[in-house]
Amino acid sequence: MGKVLLTPDYIFESSWEVCNKVGGIYTVLSTRAKTLQDAMKDHILFIGPDFWQQKQDDTTEMKDSPYFREDKALFADWQWEAKERGLKLRVGRWTIPGEPIAILVDFKPFFEKKNEIYGWLWEHYQVDSLHAYGDYDEASMFSYAAGLVVESFYKHYLNSKQKVVYHANEWMCGLGALYINNVLPQIGTVFTTHATSIGRSIAGNMKPLYDYLFAYHGDQMADELNMQSKHSIEKQTAWHVDCFTTVSDITANECKELLDKPVDVVLPNGFDDSFVPKAATFTKKRKAARKRLLEVANALLGEMLDDDTLIVSTSGRYEFRNKGIDVFVEAMNRLLRDKDLKKKVLAFIEVPGWVGEPRKDLQERLNQSNQNNQTPLEVPQVTHWLHNMSHDNVLGMLKYYDMHNRKEDQVKVIFLPCYLDGKDGIMNMTYYDVVLGNDLCVYPSYYEPWGYTPLEAIAFKVPCITTDLAGFGLWANKEFGHDGEITDGVKVIHRTDYNYSEVADVIKDTVAEFSGMTKQQVDECRKHAGNLSKKALWSEFIQYYYEAYDIALRKAEERSKN
């Protein structure tokens, strides 16, 4: 490893999720930002879409973004010049640890040039945008605008003496990476696919992904699943950037088979533990979370579940099969009849659905000081009404299995179908404050390129169950030197295309085993979980990013010699 890595003087990083909390990529970027900001001192600039403009009559009113604080003095001369040239942007700080610089760009003005932009893309890179639908146009126009932002900033402040990297995340930012590659070849380009669009689609369409991965042809599957445009931009970006990366070995294999391009580096997702409360605060917050979870459950169920109840949960995006929500419900159903279960189990499914409003009847009960409710509320499986009650997958499966949270049931399952942002009307706590209250978290994913939820759980010392189809699960096994057991802090279940039933049984058995552990054994589990999380800090994983930057900068250097 003796060589000295080339390090960038400036990094531009674009993502749909900069200052825009949608999913796991927000967590990747927002927790990594501090580590890079500490090293780069305002020479890392994040570029995201500006959604915070609302037209009212003829005036454009700015709503405040909860994640962005504008600073008109930052690069004021460039801001003025960019606006003169028709770029509508705002510069400020992303309000996360490290407070890095963020540039939000309004991409809507580029829609009128859409056909021209797609024509250029086809001509230079053979990207097929003909079959575009849904979010493809929006993402592409943002990505193009992000490329223009970098070009404008570079020409204003920088020159070929500085080593500059442009890092694009996901297919949504591919167009910008190709634009930079074309107009500013002296910039090294990095592209990270966090999950291939075609792999996610194959898995989401109930097709077996893993056993047949070697036999799938990416382009052919894109035609079959109507994914031509997303697949095309992703594949061409992977082929043309200086450094192509993904987040786990499992997705690296997917890239090789479906995009016909091996990755240059795997960039595992770490996290920053500054949001994990310390000692006394930790205990206090854990107690508060448990108290609230039990209050909500008791009000909904008309029960008196106490603190000895085993609280388990699953969470993540509402991908019923990919995230293993189906197998979680299956396991809880089997646990109802398990003779080895030593405690009552309260299982939460914390997955944002098509949520309508918080239940008024539940709010009323929660507001009563005397909470000795003897009768359950109607539909005691859900905390918020949904717009699609009769077509919801979770509620449908609970109904199919006749899981109605009856008094005599040892296992109660409750669907909490909203973003836990502290303002949902029922829990009124943020996700990180809620996750602390769990005894055990379960994430039995079928398709999970990395897996932030289990990593977050163990950061809060909550032991968890995951699978070896998640990048995180594979990494945990590698760290342990064996398949993770619950006594290690993380139970890693072997999962394939076809062993759904065994996975459900192993989850059931693991929860039952955990329910019989002594306090000392549970404390050991919790300690091991916390220890493993320390090995996944960004301070450990950031080195892989520097490898990627080095590869990109060397290729850019080669280009400028020619």
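Two strands pair if DSSP finds at least two bridges between them. I note at the outset that the model I am consulting is predicted.

**Entry: the sheet**

I looked up strand 12 and strand 13 with that definition in hand. Strand 12, residues 310–315, pairs with strand 13, residues 345–350, in the parallel sense over 6 bridges. Within this pair I located Ser 313, which stands opposite Phe 348 of strand 13.

I then asked in what order the strands of the open sheet lie. The order is 16-13-12-17-18-19, a set of 6 strands with parallel pairing. I recorded strand 16 (411–415) and strand 19 (490–493) as the edge strands, since each pairs on one side only. From one strand to the next, the twist averages 20 degrees.

Next I checked what helix 15 touches. Helix 15, residues 452–459, packs on the sheet and touches strand 12, strand 17 (440–442), strand 18 (464–467) and strand 19. The direction of helix 15 makes about 155 degrees with that of strand 18.

**Entry: Asp 50**

I found Asp 50 in the loop between strand 2 (44–49) and strand 3 (53–56). Is Asp 50 buried or exposed? Its relative accessible area is 1%, so I entered Asp 50 as buried, the cut-off for that word being under 20%.

Leaving aside neighbours within four places in sequence, I listed the contacts of Asp 50 as Arg 90, Leu 104, Val 105, Asp 106 and Lys 108. The side chains of Asp 50 and Arg 90 are joined by a polar contact of 2.9 Å. I also noted Asn 20, which is 30 residues from Asp 50 in sequence and 8.7 Å from it in space, C-alpha to C-alpha.

**Entry: cysteines**

How many disulfides does a search of the whole structure find? I recorded 0. Cys 173 is in no disulfide, and the nearest cysteine sulfur, that of Cys 19, lies 13 Å away. The cut-off for a disulfide is within 2.5 Å, so a sulfur at 13 Å does not qualify. Cys 173 is buried, with a relative accessible area of 0%.

Cys 418 is likewise in no disulfide; the nearest cysteine sulfur belongs to Cys 441, 16 Å away. I entered Cys 418 as buried at 8% relative accessibility.

**Entry: helix 19**

I took helix 19 last. Helix 19 covers residues 538–561, which is 24 residues. From first C-alpha to last, helix 19 reaches 34 Å, close to the 34 Å expected at 1.5 Å a residue. I marked several buried residues in helix 19, among them Trp 538, Phe 541, Tyr 545, Asp 550 and Leu 553.

Terms used
Residues are numbered from 1 along each chain as its sequence is written. This is a predicted model: local features need pLDDT of at least 70, side-chain atom pairs count only at pLDDT 80 or more; totals for chains, interfaces and linings use all residues. Side-chain values use heavy atoms; hydrogens and water are left out. Helices (H or I, at least four residues) and strands (E, at least two) are DSSP runs, numbered from the N terminus. The expected span of a helix is 1.5 Å times one less than its number of residues. Buried means under 20% relative accessible area, exposed over 50%, partly exposed in between (1.4 Å probe, protein chains only). Axes are lines fitted to C-alpha atoms, for helices over the stretch in contact, and angles run from 0 to 180 degrees between N-to-C directions. Contact means heavy atoms within 4.5 Å. A polar contact is a pair of N or O atoms within 3.5 Å; within protein, one must be able to donate a hydrogen and the other to accept it, and residues adjacent in sequence count only if both atoms are side-chain atoms.
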